[in-house]
Amino acid sequence: MRDWSPDHPRAKVMARKRAAIVAAAEQAFVRDGYAGSGMESIAREAGVSIMTLYRHARTKDDLFAAVMESACHPADMEESVRIEDVLKKSLADILLFVGVMFQERIRGAKTTNLLRVVMTEIRRFPHLGALAYDGLINAHVERLDSFLSTRAETSGVPAERRRKIGHDFFERLVGLDDYRVLLGLPAPSAQDMRRRAELAAREAVAELGREQPASNPHEP
């Protein structure tokens, strides 16, 4: 889905239209399924012309990918402030915050409803699995890896190994609880999610520490 640069003269207008399109597309996919949703009807529900819709998303796949990522990466002003505050803390605290947030989102109503759409439609549209995984997992891994690459704690860690540690961090955050949520059973408690995030953060920090080259005692 096309992004507009912040300095574009119509950036704010386009951002509002994009948000309306994503919201309308999400409602359509959940209500009508992937096959039953059409670009023209989504444009109508979003209150934009079909040409405006195509400026933001060329295909229905682009729309589905944008909806999936939006469900897992919502960002408003309040959240931006929280994130800015967290980034001033230690790496362990930052990973704890990310770990709890990831679990809340991946088990949230929006994500769960979209995953059920994928499960229903995947026989006819196998590529939806890859689109969902990219939005749910790969996008998180990419963002975390980009962040870790800026930290002093990872300065001596090879890029491939750093990415693997980030991937393993998210892998530790999912489990049988996620099947329970998909099946309509109770989600884990906030305490359980925090406990899992603490363990995942602790292990990631330890792995990054083990990957750092040993200091030379003869160096000044």
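**Entry 1: the whole chain**

I began with burial: of the 220 residues of the protein, 40% count as buried. I kept in mind that this is a predicted model. Next I looked up the secondary structure and found 11 helices and zero strands. Read along the sequence, the pattern is α-α-α-α-α-α-α-α-α-α-α. I also looked up how contacts reach along the chain. Among those between residues at least 6 apart in sequence, 73% join residues at least 24 apart.

**Entry 2: the core**

Which residues have the most contacts inside the largest nonpolar core? I found Phe29, Leu63, Phe64, Phe169 and Phe170, in a core of 55 residues. The elements that give two or more residues to this core are H1, H2 (39-46), H4, H6, H7, H8, H9 and H11 (190-211). H6 gives the most, with 10 residues. A helpful reminder to myself: in soluble globular proteins, nonpolar side chains tend to be buried together.

**Entry 3: helix H6**

H6 seemed a good place to go next. This helix covers residues 91-106. I checked its length: at 1.5 Å a residue, its 16 residues should span 22 Å, and the end C-alpha atoms are 22 Å apart, which agrees. Is H6 largely enclosed or open? I noted that 13 of its 16 residues are buried, so H6 is largely enclosed by the rest of the structure.

**Entry 4: Phe64, one of the core residues**

I picked Phe64 from the core list and found it in helix H4, residues 60-72. Its relative accessible area is 1%, and under 20% counts as buried, so Phe64 is buried. What does Phe64 touch, leaving aside its neighbours within four places in sequence? I listed Phe29, Tyr34, Val117, Val118, Leu128 and Leu131. For Leu131 I looked up the spacing too: it sits 67 residues from Phe64 along the chain, yet their C-alpha atoms are separated by 7.7 Å.

**Entry 5: Glu26, a charged residue**

I then turned to Glu26, which lies in helix H1, residues 11-32. Is Glu26 buried or exposed? At 15% relative accessibility, Glu26 counts as buried. Not counting residues up to four places away in sequence, Glu26 touches Val67 and Lys110.

**Entry 6: helix H7**

Two of the contacts of Phe64, Val117 and Val118, led me to H7, where both are buried. The other buried residues I noted in H7 are Thr111, Thr112, Leu114, Leu115 and Glu121. What covers them? I found that the cover includes H1, H4, H6, H8 and H10. The length check worked here as well: at 1.5 Å a residue, the 13 residues of H7 should span 18 Å, and its end C-alpha atoms are 18 Å apart, which agrees.

**Entry 7: the second largest pocket**

My last look-up was for empty space. Rolling a probe the size of a water molecule over the atoms shows where such space is left. The second largest pocket holds about 550 Å³. It is lined by 21 residues, and those nearest its centre are Ile106, Leu115, Leu136, Asp178 and Leu182. The elements that give two or more residues to the lining are H7 (109-121), H8 (127-148), H9 (159-171) and H10 (176-182). Which helix gives the largest share of this lining? I found that H8 does, with five residues. By class, I noted 14 nonpolar, four polar and three charged residues in the lining.

Conventions:
Residues numbered from 1 in each chain as written. Predicted model: local features only at pLDDT ≥ 70, side-chain atom pairs only at ≥ 80, totals over all residues. Heavy atoms only, no water. 1 Å grid on protein atoms, 1.4 Å probe; cavity = no way out; pocket = protein on both sides within 12 Å on 5 of 7 lines; lining within 4 Å. Points joined across faces, edges and corners; volume = space filled by probe spheres on them. Helix = DSSP H or I, 4+ residues; strand = E, 2+ residues; numbered from the N terminus. Nonpolar A, V, L, I, M, F, W, Y, C, P; charged D, E, K, R; others polar. Expected span 1.5 Å × (residues − 1). Buried < 20%, exposed > 50% of the residue type's maximum accessible area, 1.4 Å probe, protein only. Contact = heavy atoms within 4.5 Å. Core = buried A, V, L, I, M, F, W, Y, C linked by side-chain atoms within 4.5 Å.
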